[in-house]
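Biologist: Could you take me closely through the charged side-chain pairs of this model, and then place them beside a few of its helices and strands? I would like to know where the partners lie and how far they are covered.

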Amino acid sequence: MKGMKNNKLKALAVALVLTMSAGAIPTTAGIEVPALTTTVEAAAKKITLKASSKKVYAGKTVKINAKATKRAKLSYKTSNKKIATVNSKGVITGKSAGTAKITITAKKSKYKTVKKTITVKVVKQNQSIAVVNQNLTVGQNKNLGAKARTPMIYKSSKPKVVTVDKKGNLRALKTGTAKIIISAKASGMYNKASKTIAVTVSKAVASKPTTPTRKPEAPKPTATPVPTKVPEPTKAPEPTKAPDPTATPEPTKAPEPMATPEPTKIPELTATPIPTATPTEAPKPEVSYVTDLYIEKTSNDTLCVGEPKECNIKWKATGNTTRKDFIYVSSDPSVATIDENGTITPLKAGKVTITVTSKTPFSSSKGADCLSTSKKYTVKAQYNDEYAGGVGFKDPEDVATKGRNVGIGETINPNEGISEYSPEKAEKYLTFSSSDPSVATIDKYGNITGVSKGYVTFTVKTKLPVEPTGTYYKEASATYHVGDYTYEEILNGLTMDTVAGQTAHEVMNDLRQNPDHRNFFKDYPSYPTREWADDMLRSATARASRNIMCEILGGWNEGEKSSVNPLASHKGNLNGYGGAGWEATGEELGKAASVFFEDIGHFGNETDPSDKYEAIAVVQYKNAAGVNLTSMIVQAGQYTGKASITDEVRISCMPESQYYDICNHFGFDIDDKQMTTTEEEVPSDGENEATIFTDGSTDTVDITAPAETADAGLQEETEGVEEIEIAPEEETDVDAVSDVDEIIE
């Protein structure tokens, strides 16, 4: 009785201690205590549960190291299954980035249940994109074969060289080099990643037709109808020598041998060609079993970025085994890849393990395994920052007019005289290549030699990467024209920007009608708009085309070329504008026609009320070698209709054959029909024979750029326009032309 009282007192004391301890520990919401140990006592029996917070990668698993005394049974529960799940054994699986609470419960009969909550932080895994640089030929299609953990998007830096679709399919359009940027999207499990590779497109080279001749070799195996020799077993008919007994009918019953044809039925044994099915068994002896496999160590197993190296595998086999009879795997394709031939391509500094596995087992025994071996490699990045600022080919000063050109048999070096491109440095740090050596070659110093007429693209690239990671090379390309330009070449390359011409017409009509839209002459009144006349476009196009052709090929007539701007050369009732290196096209280029409303001479021409019709030709010539010329000619007149092309040729002051060539090129009608106006309305020859001017001194002013002041030109042709005396300091100068070039460009 006394003992029972003492036990009750002890239990009460323990309960008081527990209550006081619990009250002494303040609780704060949101505070995690990793590796917290909880001790609970009940009825003098206690369970201790230990567990700590965990970190797990999305898509990976980790086990909770929970420990409970008294062999208590543990159970687990997650607060958010979308972030992390947990099974009955305490194995956590990360689902997506975030934080979840895992509640661990320890239970045992006659013991108080103990619970503990730990925090699990799920983080995204990093991912890499497995892809290598590509070499294509013009017209070739190829899939990049990029691999990543999440969907990828692709982008080409030069779609004119090579395009790439959403599936990573490349299409080579012309020679050059483009960068393909591959981006792997982020997901709940993986971080985003990106990688840039280079795609080099070269001119396609006809393949040698030698390979087809090898195909006949294939029949050889068919020649191996050695199995057909199996018919030898047909000799087995020896047992059928039963006919011998048939020979016994010596009793002269010779007819019986006639009956012996039955033995001829022995051909049934030819049905034994069943052996012909045995050819399928023939491969058996051809199986080569790999009995030993290893990767040989060498004095230098370090790999360098950009320098492919063969995996030095060694093996022993029972037959003819080649390097293609193995499976090669890289542990990290972002560091180094390995192809089906065992060639390792290092991509960036790091560590990588190459594993090689034979495709055939080590013996014919049932259950025999395929041998496998691995080797760790260190990839180092070699680099040189000598050309970290970039490489390239220096353009000639007149590239937009003459282009990058080299004569046949001529040798030039575009970078000659630039200290960064000394022959010694070029040979040491750079590599040069030609897309077509039959057109032009380039040597190790960057010297270009023309071989035959055509276009060719040269590429210069640093031999080593230019930064410590060993990833990025500097590379540039330039296209050259080889040989002299020909008349037909320029004629066939002329194009007309009809959108620019129509836009120019609309812009000038707007400026005629709305003084407040003009930059100058806002105080002048509104003027009638002009109608577009298709028949005037022929003369304007011929003049613009000739300006370009003469600028490239020469051949100007005396007094024909404008001394201010050759591409704006024009005559009589025409206005001209032009330039080299303009990138603007379409509407943007057409808006440049506002220049005709920025000096008094052109303003007078464009607002002459007697001219009711006009057409504007915008002709251009551009090529891959950098030539880029534009000529804009405005043709205006009082009448519209079909004028005599004979008169047009005579007034144009250009060779008749050239006028017809240009008309044929652009598809203009060249039938010699007279204009449909009345005889009284037809201008006299004298009115049409205004001389071609070159510097604004006679006839309409040939200003080819907006002047710095409103009074920079002088209108002498149009009646009704007040003559204005211009002070010397206000006259148009050459600088005004360059100002316009800057605006238009």
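Modeller: What follows starts with the salt bridges, then turns to a helix, a small sheet and a polar contact.

Please keep in mind that this is a predicted model. Side chains of opposite charge can pair when their charged atoms come close, and the structure holds 12 salt bridges. One of them joins K425 to E386, with 3.2 Å between the closest N and O atoms. This pair ties together distant parts of the chain, since K425 sits in helix α8 (residues 423–429) while E386 belongs to the loop between β26 (370–380) and α7 (399–402), the two being 39 residues apart. K425 counts as partly exposed because its relative accessibility is 29%, and E386 is likewise assigned to the partly exposed class, at a relative accessible area of 34%.

D395 and R404 make another salt bridge, in which the closest N and O atoms are 3.0 Å apart. The two partners fall into separate classes of accessibility: D395, at 35%, counts as partly exposed, whereas R404, at 11%, counts as buried.

A further salt bridge brings together the side chains of R530 and E606, at 3.4 Å from N to O. Here again distant parts of the chain are linked, for R530 lies in the loop between α10 (498–513) and β35 (531–532), E606 lies in helix α13 (residues 600–606), and 76 residues separate them. The cut-off for a buried residue is a relative accessible area under 20%; R530 has 4% and is therefore buried, and E606 also counts as buried because its relative accessibility is 1%. This pair does not stand by itself, as R530 and E606 are linked with R512 and E614 in a network of salt bridges.

Turning to the helix, α11 covers residues 534–553, and at 1.5 Å a residue its 20 residues should span 28 Å; the C-alpha atoms at its ends are 29 Å apart, so the length found in the model agrees with the expected one. Because 17 of the 20 residues of α11 are buried, this helix is largely enclosed by the rest of the structure. Just after α11 comes G554, which takes a positive phi of about 80 degrees.

Among the strands, an open sheet is formed by 3 of them, in the order β4-β8-β7 and with antiparallel pairing. The edges are held by β4 (61–63) and β7 (84–86), each of which has a single partner strand, so one side of each is left without a neighbour in the sheet. From one strand to the next, the twist averages 25 degrees. The pairing of β7 with strand β8 (residues 91–94) runs in the antiparallel sense over 3 bridges, and T85 has T93, in β8, as its bridge partner.

The last element is strand β10 (residues 114–123), in which T119 lies. T119 counts as buried because its relative accessibility is 7%, and its side chain is joined to that of K101 by a polar contact of 3.0 Å.

To return to your request, the partners in the pairs described here range from partly exposed, as with K425 and E386, to buried, as with R530 and E606.

Definitions and conventions. Residues numbered from 1 in each chain as written. Predicted model: local features only at pLDDT ≥ 70, side-chain atom pairs only at ≥ 80, totals over all residues. Heavy atoms only, no water. Helix = DSSP H or I, 4+ residues; strand = E, 2+ residues; numbered from the N terminus. Buried < 20%, exposed > 50% of the residue type's maximum accessible area, 1.4 Å probe, protein only. Polar contact = N/O pair within 3.5 Å; in protein donor to acceptor, adjacent residues only side chain to side chain. Pairing = 2+ DSSP bridges. Axes fitted to C-alpha atoms, helices over the stretch in contact; angles between N-to-C directions. Salt bridge = Lys/Arg side-chain N within 4 Å of Asp/Glu carboxyl O. Expected span 1.5 Å × (residues − 1).
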